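Me: I have a model open on my screen and would like to learn how to read its strands and its backbone. Could you take me through it?

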Amino acid sequence: MDWSPATRVVALGRPPREPGAPVNVPVELSTTFVTGGEIAYSRAGNTTWTAFEETLGSLEGGSALAFASGMAAVAAALDLAPVAGVVVVPDGAYNTTLSLLESFQRSGRLGQVRRVDPADTGSVRRALDGADLVWLESPTNPLLVVADLGEIAAAARAQDAVVVCDNTFATPILQRPLDLGADVVVHSATKYLAGHSDVLLGATVSRDPALTERLHTHRTLHGAVPGPHETWLALRGMRTLALRVERAQASARVLAERLAAHPAVSRVRYPGLGAIVSIEVRGGTEAADRLAGGTRLWTDATSLGGVESLLERRRRHANEPTVVPEDLVRLSVGIEDVEDLWRDLEQALDRLG
């Protein structure tokens, strides 16, 4: 169908249009089903999952699978690497993804994890020799480094490596990694897809039927299945994805420009798209902590992608990569009025002087 993403995210995943039928898909609260149908037990499937997966799959251009959390989806995608295999990953990737990779390497599940600067395409290409899986984030979390997904994916495929891209930050509204050569897309649906900071959910998307089947098998055997109510909430939240991304991105651009001009800010990291802005604050760790604790509208909390604006100093987490500066504050721009957001940031920054 030749609909825009903004239309498909609203129109798909609906019940059949029959007289008296509901407009919204119901929450399927059953663990088992009468013998003879497509689904026998809810660990293998659920009609509420199907609606969510149809919608996200259309947005990304592949077959989607819902998982219990973003990390459940990450674990399933990383399991595509063979035992004792080699994985290439950004040096500033999401900290829990890196922690999982480190645990796999310690246990012998993986043979080697090669960390690279994803912005240095030549360096990434050199790291691909003998690689089995390439993990990408673009932009990365929280340094907001942008990778040349097309070039890296082409080079990885020449080495017969599987390419996985975490598309949580950009969302399919702004970027479709499968179109750029990725084999699998991963989402923490907890973030922008669900959009209201009230759901734990993850997802994978692929165009390769064999990879989709392996991901489905992992989900089933590992019990990484989402609850139907959580999936329904994520689908409901996704209906406004295009509007929320458009509003938050517009505000992020305004804030990034103003933050760059403030004397208390030494560096602004913003790739020009999306609604995440990372800043480095003059005065080091203490100043960054004071900023995070000095706002009234912005909330000092982890996570991102909700309707409310959040900020946090990322190195407060023990497992945050050391390439992330101690004074880096990540801002997740919500959908509040941009002038209110700026006034709150400005007063907190002014007090750092």
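**Reading strand E6 and some backbone angles**

Reply: Gladly! Val184, Val186 and Ser188 point to one side of E6, while Val185 and His187 point the other way, and all are buried. Buried means under 20% relative accessible area, exposed means over 50%, and partly exposed lies in between (1.4 Å probe, protein chains only). Helices (H or I, at least four residues) and strands (E, at least two) are DSSP runs, numbered from the N terminus.

This is a predicted model, where local features need pLDDT of at least 70, side-chain atom pairs count only at pLDDT 80 or more, and totals for chains, interfaces and linings use all residues. Residues are numbered from 1 along each chain as its sequence is written, and side-chain values use heavy atoms, with hydrogens and water left out.

Me: How should I read the way the side chains of a strand point?

Reply: In a regular strand the side chains alternate between the two faces of the sheet. Here, strand E6 covers residues 184-188, and five of its five residues are buried.

Me: Which strands pair with E6, and in what sense?

Reply: Two strands pair if DSSP finds at least two bridges between them. Strand E5 (residues 162-166) runs parallel to E6, joined by three bridges. In that pairing, aspartate 166 stands opposite valine 186. Strand E7 (residues 202-206) pairs with E6 in the antiparallel sense, over five bridges. There, histidine 187 has alanine 203 as its bridge partner.

Me: Now the backbone. What should I look for in phi and in the peptide bonds?

Reply: Most residues other than glycine have a negative phi, and most peptide bonds are trans. Let us look at the exceptions here.

Me: Where are the cis bonds to proline 139 and proline 142?

Reply: The bond from serine 138 to proline 139 is cis, with omega near 0°. Proline 139 sits in the loop between strand E4 (133-137) and helix H6 (149-158). Asparagine 141 and proline 142 are also joined by a cis peptide bond, with omega about 10°; proline 142 lies in the loop between E4 and H6.

Me: And which residues have a positive phi without being glycine?

Reply: One is aspartate 160, with phi near 60°, placed in the loop between H6 and E5. Serine 303 has a positive phi of about 80° and lies in the loop between strand E10 (299-300) and strand E11 (310-313).

Me: Is aspartate 160 buried or exposed, and what about serine 303?

Reply: Aspartate 160 is exposed, at 69% relative accessible area, whereas serine 303 is partly exposed, at 24%.
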